[in-house]
Amino acid sequence: MPFVRSSSQLPGGSVQQRELFAFALYRVLEAVLLVTLAFVPDHLGLLSEVDTGLLRGASLAYLALSLLLLWLSGRPQVNLQVQGGWGLAADIALAAAVLAAQQGLDAAIGLLLLFNISIGSLIVGPRLAIALALLAAGAVFGEFALSTLAGRDDRPLVEPAMFAVCYLAGAAFSQFLRRELARSEALADERGSEIAQLAELNELVIRRMRTGVLVVDAQHRVRLFNEAAWALLGATGEAKTLHDLHPPLDALLRRWRATGEVQPRSLRIGSDGPELLPRFAATGVREELFLAFLDDARIYSGRAEELT
């Protein structure tokens, strides 16, 4: 499969693939912002105590890896769990490197990592999600410990502890949402299958009815018909509109639509054909549809004779 440039090009029904593509695209945006920040001139004073080499190297490596993950997300043959896991591992590694390389963006980097872990946990399995959340917590605590021992960090312990708890809570909550979404999707698929089976059954019943049934739209284009209708009207070949199929019936339907006539008059097919009793009904939700029911008058005459 060629490289996919947008999620709309991915195969239909590949929901997780589209989610992974969107997440990979967001990760590239993060990487571009970090690279831009890393190459901002020092005299602007945006960051303090910056290890320029480490910050720029980590940002460029993250950008390259993000572009690779974006490319892989457009290839469905690559395992989604592997892509999601490696992507979150790259996020955690970058967060640890950026936290060690500068002072001043610790809270922002922690929040970005929280968002990535929460979103990524919707894609990966529960064990991997919790393991990566624990790894992120360990990275934050490790960087805090090293900075504190080196005398470069005066933050209270509660800040990394709060982020660690949030990482675990975010991963757990995302896994709960993942299970609920999977359950809802399975239920929707089941309901869709049932509806398709019922539609097929209804179509079979309509086609087997002795009463002729025609369905036309607002422009009187024929949308559905059964064998009885085709036989009663003596139709041959193909007809796209009701007028092409049977002009008198088309005229009766137009009169019914205009006047709301409850009992349209009977209709004779040809000089020696059967006499039909047409009945009309309107239906449709997304578009206006009209049903024409065609009964053979001879059936009613035979029943009347039987009763007498």
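1. Helices (H or I, at least four residues) and strands (E, at least two) are DSSP runs numbered from the N terminus. The model is predicted: local features need pLDDT of at least 70, side-chain atom pairs count only at pLDDT 80 or more, and totals for chains, interfaces and linings use all residues. Residues are numbered from 1 along each chain as its sequence is written, and side-chain values use heavy atoms, with hydrogens and water left out.

2. Thr211 lies in the loop between helix H6 (158-208) and strand E1 (212-217). With a relative accessible area of 19%, Thr211 counts as buried (under 20% relative accessible area, 1.4 Å probe, protein chains only). The side chains of Thr211 and Asp295 are joined by a polar contact of 2.9 Å (a pair of N or O atoms within 3.5 Å; within protein, one must be able to donate a hydrogen and the other to accept it, and residues adjacent in sequence count only if both atoms are side-chain atoms).

3. Helix H5 (residues 126-149) has 24 residues and an expected span of 34 Å (1.5 Å times one less than its number of residues). The end C-alpha atoms of H5 are 34 Å apart, which agrees. Buried residues of H5 include Ala129, Leu132, Ala136, Val140 and Phe144. Helix H3 (80-101), helix H4 (106-120) and H6 are among the elements covering the buried residues of H5, where contact means heavy atoms within 4.5 Å. Gly151, which follows H5, has a positive phi near 75°.

Definitions and conventions. Buried < 20%, exposed > 50% of the residue type's maximum accessible area, 1.4 Å probe, protein only.
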